[in-house]
Amino acid sequence: MDPAGAGYTLHQLRHSRLTHLGEDGWSASMLMILSGHRNLRTLGIYVQPSTEAVAAALAEHDPGRRRH
């Protein structure tokens, strides 16, 4: 159930799945094939990684990066 207790729609689940796969490191081309998108701009509507996921990816690929 969603926070409002109404349940999630298939469209919301699609957004969530693509976002989680993107956060797990799937490439844009893989996500485009999976979702059927032909344009990065339309894929970007669906894939919205969290600030925490972006920070974790940066830390993994650049462990010496300064933190503010």
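This passage describes the helices of the chain, the packing of H1 against H2, and several leucines of H1.

The model examined here is a predicted one. Its chain holds four helices and zero strands, and read from the N terminus the elements follow the order α-α-α-α. Of the 68 residues in the chain, 18% are buried.

A good place to begin is the pair formed by H1 and H2. Helix H1 spans residues 10-23, and helix H2 covers residues 28-35. Two packed helices are described by the angle between their axes and the distance between the axes. For H1 and H2, the angle is about 155° and the axes lie 10 Å apart. The two helices are therefore roughly antiparallel, since an angle over 145 degrees counts as such. As for handedness, the crossing of H1 and H2 is right-handed.

Individual residues help to fill in this picture. Leu18 belongs to helix H1, and its relative accessibility is 3%, so Leu18 counts as buried. Along the chain, Leu18 and Met32 are 14 residues apart, and in space their C-alpha atoms are separated by 9.4 Å. Leu21 also has its place in helix H1. With a relative accessibility of 4%, Leu21 is likewise classed as buried, because the cut-off for a buried residue is under 20% relative accessible area. Between the C-alpha atoms of Leu21 and Leu31 there is a separation of 7.7 Å, and these residues stand ten positions apart along the chain.

Another leucine of H1 brings the description to the surface. Leu13 is found in helix H1, and a relative accessible area of 43% makes Leu13 partly exposed. That class applies because the value falls between the limits of 20% for buried and 50% for exposed residues. Together with Tyr8 and Leu10, Leu13 forms a nonpolar patch on the surface. The accessible area of Tyr8, Leu10 and Leu13 together is about 360 Å². Helix H1 thus carries Leu18, which is buried, and Leu21, which is buried as well, along with the partly exposed Leu13.

Conventions: Residues numbered from 1 in each chain as written. Predicted model: local features only at pLDDT ≥ 70, side-chain atom pairs only at ≥ 80, totals over all residues. Heavy atoms only, no water. Patch = residues over 30% accessible without salt bridge, like charges linked within 9 Å, V, L, I, M, F, W, Y side chains within 5 Å. Areas by Shrake-Rupley, 256 points an atom, 1.4 Å probe, with all protein chains shown as cover. Salt bridge = Lys/Arg side-chain N within 4 Å of Asp/Glu carboxyl O. Buried < 20%, exposed > 50% of the residue type's maximum accessible area, 1.4 Å probe, protein only. Axes fitted to C-alpha atoms, helices over the stretch in contact; angles between N-to-C directions. Parallel < 35°, antiparallel > 145°, perpendicular 65-115°, else oblique. Left-handed = near helix turned anticlockwise from the far one by under 90°.
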